[in-house]
Structures are given as C-alpha cells and as structure tokens.
There are 2 protein chains.
Amino acid sequence: MKSRIVTVGLRPGYYSGMKLSDLDTPCLVLDRTRLRRNIEAMNDRMEVHGVAFRPHVKTAKCLEVVRMIRAGKTGPITVSTLLEAEYFCADGFDDILYAVSIVPAKLPRVKKLLDSGCDLKLILDNADIALQVAAAGVELGVTFRVLIEIDCDGHRAGLAPDDPATAGLAKLLQAQAGVEFMGFMTHAGESYSCTSIDQIRQYAALEVKAIIESVGVVSAAAIDIPIRSVGSTPTATFAEDLQGISEVRAGVYVFQDLYQVGLGVCKREDIALSVLTTVISHKPGQNRLLVDAGGLALSKDHSTAAQTMDCGYGLVCEAQSGEVISGLVVDSANQEHGMITALDRQIDFARFPIGSQLRILPNHACMTAAAHDRYHVIAGDDTIRDRWFRCNGW
Amino acid sequence: MKSRIVTVGLRPGYYSGMKLSDLDTPCLVLDRTRLRRNIEAMNDRMEVHGVAFRPHVKTAKCLEVVRMIRAGKTGPITVSTLLEAEYFCADGFDDILYAVSIVPAKLPRVKKLLDSGCDLKLILDNADIALQVAAAGVELGVTFRVLIEIDCDGHRAGLAPDDPATAGLAKLLQAQAGVEFMGFMTHAGESYSCTSIDQIRQYAALEVKAIIESVGVVSAAAIDIPIRSVGSTPTATFAEDLQGISEVRAGVYVFQDLYQVGLGVCKREDIALSVLTTVISHKPGQNRLLVDAGGLALSKDHSTAAQTMDCGYGLVCEAQSGEVISGLVVDSANQEHGMITALDRQIDFARFPIGSQLRILPNHACMTAAAHDRYHVIAGDDTIRDRWFRCNGW
C-alpha cells in the first residue's frame, strides 16, 4: 500500500524562456546557485575530515539534488521514509540508511527493497524488536542489516552508550540469524537548541564520544564495527574531530533556512529555498500586506519563535532578486492567506501593489517544501531553468 | 502550470477485508460514521434557518465528502485554490466561490474554468484590481462574476461596510463591462479566538450585520444583491438569525478537530479524522513513547496552545476503537518522529508495545490532512471500507 510515485511528463522546453513572473503562486523556488554552494561547502568539509558522507535526502526528497551532491555518481544516502528508499534506489542510490526505528510491520516492504538489490540498513533500540526482526529475516529468507540507535543527548530515540542494554542488544544482533549487526548511529537533535557555535561544537564532540563509547562496549577494535555514523546539519558543519567515525549525515544544509541562520550555521544569503507568492490585499489600517502563501504553502512551523530573531512564518524578499526586504515578516498564516507586517515602520504599500510578487524564506525548509510537489529552479536571477519533482508521502 | 491530478487506479476490492492493522503508517483514517453525523447536523441547521449552504471544500478536498454533503446531487461549493475549482467542477460541482482575493495573473486560468461551463465567482476588495479584472474580462471576452469581500472583524482581508470604498467599489463593478457584481461575502475569522459560545453567537451576528450594512450602501432592496454570504464553522454552528443572508459557508465542521473542541463547537467524539501511527521506541527515563507520525504527518499546527487545553500536536487514541487515552499527548514533533508523553502519570509502557498502533486526533484538520494524498475510510470499527483521494496543491 505504498504511495505511488507518478512523474507527469511535460514536453521538453516547457519552461523555456519562462520567468518567475509567469508562475502560478504559491510555489517553491529553488536557487541552484546557492544550492550548489551549500553542497560544495559540505562536500569540502567532509573531504577535509577524510570521512564518508551519507546525505539525508528527507529535506529535498529530490533526485536532482542528490545527484548534484554526488556529482552525478551514486553513493550512500540516508532516508526518513521507505518511499524515499524506493524512489532513490530506483535511481541507483542503493546504499541506504533508513533512519527511523524499524517496526516489524514494515519488514515485508523492506524485504522487497532488499530483493530489488537495495543495501538498506535499519535502525532499532530495543531487544524485543531485534528478536522480531531476526525471526522475520529467517522466515522471509533474508538478512536484515541493523544498526543500534544511540541516544547522545536525550533528544529522541536510542539507548545510552553505557546502558547495559546497548551491549546486550549488540550481542543479541551478532548472535541471531536473520540479522547482521552493522554498527551504531546517533543524531544530536539537541544541537538545534544551541545558542553559540561553541555549544554546537560540543554537541558534535558528544556525537563522536557516544559512538566511540558504544563501539567500545562491543569491540576492542573500532574497525570491526563497519558503520559508526553521526550527524546533523549543525554538528556536521562545526565538527572539529571525527576520528573513529565512519560516516557523517546531514540534510537541511542543502537548502538552509531561517532556523539555521538563527543557529549561526549559515547566512540568509545561503538560503536556497523560498516560496513565491503574490500580494492579494492591502490592509493599511493594520499595517499588513496579505499574500497567497499561507499555512499550507509555508507550513505552520514557527520554530524561530524560540530563537533571538522570531521570523514568524518567514521573512520577505524581493521576488526577482531574492534580496531580503528588511523588517518585513509573515506574522500570521491561515490556510491560504499569509499576513505580512513591518516590524519597525508603516509599510510603503505603493511599493507592493496587489498582484505583485514576493518571495518568502522558510523557517524550516523540510516542512515548507513538503506541501509542494516540485521545485522551480532558478540560478541567481528570475529565469526558470528547470523543474524538479519531490517524492512526498510515506 | 497547474498541478496535475493523478488518480492511480487500484484493482477493485484492494481493501477488501483489510483492517487498520494492515495499513502502512503514518496514514489518515476517516470515520465515515462521524463524518456523516457532522454533515447531517450542519445540513439540518441550514434547513432550520432556511438558508442555502455553500460548503467550503478546502478541509477535505475530496469528492466523496462533498457528494455526501449533497446526498449525491450537485450544489454550490466554496474553494480555496483554483485546483480545487478544477477538480470539483470536473465532477459536476460547477457553482463555485473562490474565496481568496483574485489577482490578475490568475484570470487566464479562471477563464478556462468559465469556458468549461463553471460558474466561478471571484472576490476582491480593491478598486485598482477591480478595474484590471474588468479590463481582462473585456480583453478575454468573458464576464467575471465578482463579490466584494467585507471585513467584519479585522481578521484578514476585505473592506469595512461603512468604508466609502465599499460603495465605490460596488458602483465601479456595476458600471464596468467585463465584470458582473454579484454581492458581498464575509468570514469572521476572529470567531476562532472566542472563549464562549455567547461570543461565537456575537461573531455570527457580526457577520450578518456586516453583510446587511454592505447591501444597504448599494441597494434599498437586499434582493437586488444575489449573493450575501457569511460563515465559518463556529459561526455557522451557533448563528441565531440569518435573516437577509443568502448563503452560509463552513469547512472544517465535516471532520472537526481539537481546536473546534476547545472552542466548544463540538465534542472529541465528533472528530472524524485521525492519523494512524505505530509506536517505534520507548523512552521510560523521559516518560515518552515515540511514534512514526511526526511534524509532516500531523502538521506543525500548535493552535490549541492558545486555548485552555493545550493538546500539543494531538491527543492519543486507541487505534481500533478510536477512544481517547486520557492524559496522553504528542508534546513534540520532528519530521518523522512524534513524541508522546503522559501529562499526569508514568506511562504504562507494557500497554503500548513497540510495533503497536495508536491514532492521533489533529489540532487542525485542514493542516493535518494536507500532508496526505488519501483517506482510509472506516465506519465506527477497524475495517477499511474505502479509500478516498484528495486534491492537494494549487
């Protein structure tokens, strides 16, 4: 019952000569120039560290973006849904880590992936489930490759490295038929709460320490544990020492967003994703512009409210240049209405006539992109270069 | 460049004999029994008032739901996107109000709808745009039917009834070729901030008063203004006197949600929509269950935070019966992880083994449904009766 991926073909040259002003709004705009810069910066960091990189495709969910990361070659990826695994595997990305705890009901779909040649790795943090996965492997005649999720910061799932259950689970996985123990992974989700780069560096070190400790409880030689995986965009950006780690994961860095700006991970000029919208009403008495990008097109993610700069539901840019218009913020969002106000002045309404376009930078690129089925690709100006599709759903 | 609607055919009987426990999670579950009850209650209210009903399809975006409202016949509807207009018109719902301010760039797509036989009505609140719409009508050889949006409560778009611009705009629309003035519409969005039923009744009265005043500025006889449209789920539910009104709009009432419960519009047992999810990890030290419905499957809408009962990102129910499990709430949501805690006690983890299913009631049904492409339809028990598709996008 998986969702079906349908890519509707349009005639070649469909976007030929089109500008942002020709697009129906609201829609997603992706600046390929900024995207490439973000991708190259992270690839360079990984090369300096001499560590393998397993990008998380959950943000873009887009073949073209991952192909750009890999410079046209294949390579390891991380996914957040089995649909992503199916979608990317069909394109040749067959070394996949499914980074959400597996449950038995999902194993028949995993088996189909394995049968199709996908080297899909699963994660779990519980002995009962490990036994069920092993039994299912035996019953289905496959070997499920499994990592143990390690909790390095109390943020989400996983076992603590020094929890006796960690060693017990590793031994259980090593002993059972139907499964193959592949290593450990952790994700410092708490790095998203940092208020300084130093703090992010500490979380990066915490990820590494948690994995090395976990390896230590099952083996004297780290090399016996093939996958020792860490990462998040903040920690991958600022990690100083990745000794003992076999691979790094990061996702949102490809697009960046206002939350990452607030963390100090990037600058506004690095944000590659925006929502193109049209001014639909003026409310001078309330000092408000209304636009046709509301809670669906922008998402209701208001995560920057917890940061020094509350960006509401997004900051406002000139449509053509993508330059931020200082002080304009989407302060409220109904389903198909976004309400823009100026934080520090009366809006110059004549500058934003009804019918004119703006772009909105997202708080959280993963959430904003998810309401849309495609990206309209630009390259630093307002000409549409391409359109790339997403694999939404589960 | 509108989104393409693709309905993938499955063999008949695909869901025959299937139970909720057979579904991949996360996914949407729609209880047809509750849905029908909500629909009948609103239809009955409108019949008592003797007023026409123009349901807003933006919540369900689903043909089967609107067919149920109309008992298999066609009839007037309200839409929030042109894609909804195209989708529903193709199914015979050709009397449509597009309830988001029109901008000139969308008129070619509107013309296509008119050419296909759709009686699509537009709204606006600005004289410059009215002139542009009129000019486009003349140029394209069509007559755009237009309502003026009235702002009854300062919530969103629209002109105040006593604003001289309101009378001016009506006269302009009556005088111009290329447009036909059809009347007034208003929406008391502020009814969502009410803290008592009495207050909701006052907003319902405010909607009616705003429309009657607006009619008064252009005509001595209300009958000369064919469309006098009011509504929201709260005000449609509690309106006492709809004299002078030609039609009522409401959307979310079909599913209801926790926000409407908080307003006093419905009871929890009326909520027809839920997200089916699977327990994927236990964190006893944090008194947390992790599930595979996160911010994408549930949405990041946290609107109940402003109400007496903060429901986090949703309340938790037994999967099979749909009964609320007292005190369990989704208190945090990452992209594909929901974190459930108990507000008042230590969770009994043995009752919720990893791999077991739960259902989550949404804060805001419109936002939660939007991440999913289909509903799995049940009827009071855990048997899958049908699956109905949505028209997402713009």
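Me: What separates the centres of domain 1 of chain A and domain 2 of chain A?
Reply: A distance of 35 Å, taken over C-alpha atoms. The domains themselves, 56-250 and 268-389, have bounds from an automatic or database domain assignment. This is a predicted model, where local features need pLDDT of at least 70, side-chain atom pairs count only at pLDDT 80 or more, and totals for chains, interfaces and linings use all residues. Residues are numbered from 1 along each chain as its sequence is written, chains are lettered from A, and side-chain values use heavy atoms, leaving out hydrogens and water.

Me: How do you know that domain 1 of chain A is in contact with domain 2 of chain A?
Reply: Contact means heavy atoms within 4.5 Å, and 9 residues of domain 1 of chain A meet that rule with 6 residues of domain 2 of chain A. About 610 Å² is buried between them, 62% of it on carbon and sulfur atoms; buried area is the accessible area (1.4 Å probe) that two parts lose on being put together, summed over both. A:Thr59, A:Cys62 and A:Glu64 supply 54% of what domain 1 of chain A buries there.

Me: Why is helix α3 of chain A called largely enclosed?
Reply: Buried means under 20% relative accessible area (1.4 Å probe, protein chains only). In α3(A), residues 82-89, 8 of the 8 residues are buried, so the rest of the structure largely encloses this helix. Among them are A:Leu82, A:Tyr87 and A:Phe88.

Me: What do the buried residues of α3(A) pack against?
Reply: Their partners in chain A include α2 (63-69), α4 (107-115) and β17 (386-389). Helices (H or I, at least four residues) and strands (E, at least two) are DSSP runs, numbered from the N terminus.

Methods
Buried means under 20% relative accessible area, exposed over 50%, partly exposed in between (1.4 Å probe, protein chains only).
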